[in-house]
Amino acid sequence: MALSVFDLFSIGIGPSSSHTVGPMRAAVMFAERLRDDSVLPRTARVVAQLFGSLGATGHGHGSDKAVLLGLSGERPELCDPRSVTGRLEQIRRDQRVSLLGHHEIKFDEDTDLVLHRRKTLPLHPNGMTFTAYDALGEVVSEHTYYSVGGGFVIGEGADGETRVVADTTEVAHPFRTGDELLAHCRQTGKSIARIMLENELSWRTEEEVRAGLLKIWAVMKECIGNGISTEGILPGGLRVRRRAPELAQKLKLESGSVDPLRGMDWVTLYALAVNEENASGGRVVTAPTNGAAGIIPAVLHYYADFVPGADEDGIVRFLLTAGAIGVIYKETASISGAEVGCQGEVGSACSMAAGAMAAVMGGTPEQVENAAEIGMEHNLGLTCDPVGGLVQIPCIERNAIASVKAITAARTAVRGDGSHVVSLDQVVKTMRETGADMKVKYKETARGGLAVNVIEC
């Protein structure tokens, strides 16, 4: 399956790519299937069932809201976060949903949206089953979907097998592993960014790739700006105060500081701003997930602000390099917190950012691979234990810490010669195996770790 950088960096809304973006996409896919199968006019009722991690933390992650919006025809990349509250209030008040905005049916959340906290479907922790009934109560359509991380959704056929609509596009330099990627670089003498760019040319022109990546960067910057300018308390009941606005004011007042680590404070600010926006349901870039959405923007902003000679070409190289590393995680392991814990989300994003930062610092492909390996190696075993099922504690600060870690990893790798004992592929394999061994309660269920040791206020 060919993966594009734009599969890994997509524009959506918070607070979760797997629990918000994925369910919204699955719901709209089901509604479109009703239309395409010509059973939409017969549909009188739709029941949505969410299983596993989706059932356990769906309310805190906005999965219930996402399903309602998706059935209505909303798409994450086009959904206006400012209109969400009003849309949901109307649906819940009237107890009616207009499927794809055209066919209205009665929808009672108490009976038609079921979150199974302790039941899991066999193929992935983030499973959803949608069932449509006619006026006589007969099933007219039923389909199961899985939200497998980063907003990616796969479907299940009647025989229980997953149905992935694979992109069979032939790319110039196919790779799934770090070793295969480095082999292309050695054979061609090209950088990782160039290898990824030439693969992207299978879908779009170089000008389109550049414009698309700069648009992604513009949305990242807008998200940071929104996070810095918006004060208040995050939704959900934990009463978590937004810290980015106050931190930004303090850093501006210290503009004359000679503190050599002051740049790291700005990195922390950028990451906090993004993840506070994400936690509030704002517009973010999935990079590669929403729970880890602050890391790549924070490190890229550090490059733009603090690295001499930074320019738009460097921003494009950064995102292409990060995307190439992300392909390896997506193809050979997982970026789903519900599947492998937070090592698959924050760990993957830290690794992607570290490698990309090394690239724009002038690192060789071997040094980039080393930086990516360091970024993941020191996130191995990281659990996903959101307090209250919300993407707030420890998620927001975790992004800030991982952003600084990514920069340290890049600087460490670039000061070496690229040779190292543990390869990126070995650490990715270790992450996948660690995730398989990890107890379910540490995989985005809010039944382990900080989620049970911190009293919800």
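1. How much of the chain over residues 4-156 is helix, how much is strand, and how many Å apart are the end C-alpha atoms? In this predicted model, residues 4-156 are 40% helix and 27% strand, and the C-alpha atoms at the two ends of that stretch are 23 Å apart. According to UniProt, in an unreviewed entry, these residues carry the feature "domain: Serine dehydratase beta chain".

2. A further stretch, residues 188-451, is listed by UniProt, again in an unreviewed entry, as "domain: Serine dehydratase-like alpha subunit". Here the chain is 62% helix and 2% strand, and the C-alpha atoms at its ends are 49 Å apart.

3. The domain assignment, which should be read beside the UniProt features, gives domain 1 as 16-163 and domain 2 as 178-442. The C-alpha centres of domain 1 and domain 2 lie 30 Å apart, and the two parts meet through 20 residues of domain 1 that are in contact with 18 residues of domain 2.

4. The largest nonpolar core holds 104 residues, and those touching the most other members are Phe 9, Ile 296, Phe 318, Leu 319 and Met 357. This core draws at least three residues from domain 1 and at least three from domain 2. A second core, separate from it, has 33 residues, including Ala 26, Val 39, Ile 91 and Leu 99.

5. Phe 9 deserves a closer look. Not counting residues up to four places away in sequence, Phe 9 touches Ile 216, Val 285, Thr 286, Ala 287, Ile 296, Leu 319, Ala 322, Gly 323 and Met 352. Of these partners, Ile 296 and Leu 319 are also among the core members named for touching the most others.

6. Is Ala 27, a residue of helix H2 (residues 17-36), buried or exposed? Ala 27 counts as buried because its relative accessible area is 0%, which falls under the 20% cut-off. Leaving aside neighbours within four places in sequence, Ala 27 is in contact with Val 67, Gly 70, Leu 71 and Phe 130. The C-alpha atoms of Ala 27 and Glu 74 are separated by 9.1 Å, although these residues are 47 apart along the chain.

7. Thr 57, which lies in helix H3, is likewise to be called buried, because its relative accessible area of 2% is under 20%. Setting aside neighbours within four places in sequence, the contacts of Thr 57 are with His 19, Gly 389, Glu 444, Thr 445 and Ala 446.

8. The second largest pocket encloses about 710 Å³ of space and is lined by 35 residues, of which Gly 14, Pro 81, Ser 280, Gly 281 and Gly 282 lie nearest its centre. At least two lining residues come from each of helix H3 (52-61), helix H4 (63-71), helix H5 (81-94), helix H9 (206-229) and helix H11 (262-279). The largest share of this lining, seven residues, is supplied by H5.

9. Closed spaces are a separate matter: the structure holds three cavities of 30 Å³ or more, and the largest cavity has a volume of about 120 Å³. Its lining consists of 14 residues, with Gly 291, Glu 345, Cys 384, Val 391 and Cys 395 nearest the centre. Helix H17 (residues 395-414) gives the most to the lining of the largest cavity, namely three residues.

How values were computed:
Residues numbered from 1 in each chain as written. Predicted model: local features only at pLDDT ≥ 70, side-chain atom pairs only at ≥ 80, totals over all residues. Heavy atoms only, no water. UniProt positions renumbered as here; feature names shortened; annotations may be inferred. Helix = DSSP H or I, 4+ residues; strand = E, 2+ residues; numbered from the N terminus. Core = buried A, V, L, I, M, F, W, Y, C linked by side-chain atoms within 4.5 Å. Buried < 20%, exposed > 50% of the residue type's maximum accessible area, 1.4 Å probe, protein only. Domains from an automatic or database assignment. Contact = heavy atoms within 4.5 Å. 1 Å grid on protein atoms, 1.4 Å probe; cavity = no way out; pocket = protein on both sides within 12 Å on 5 of 7 lines; lining within 4 Å. Points joined across faces, edges and corners; volume = space filled by probe spheres on them.
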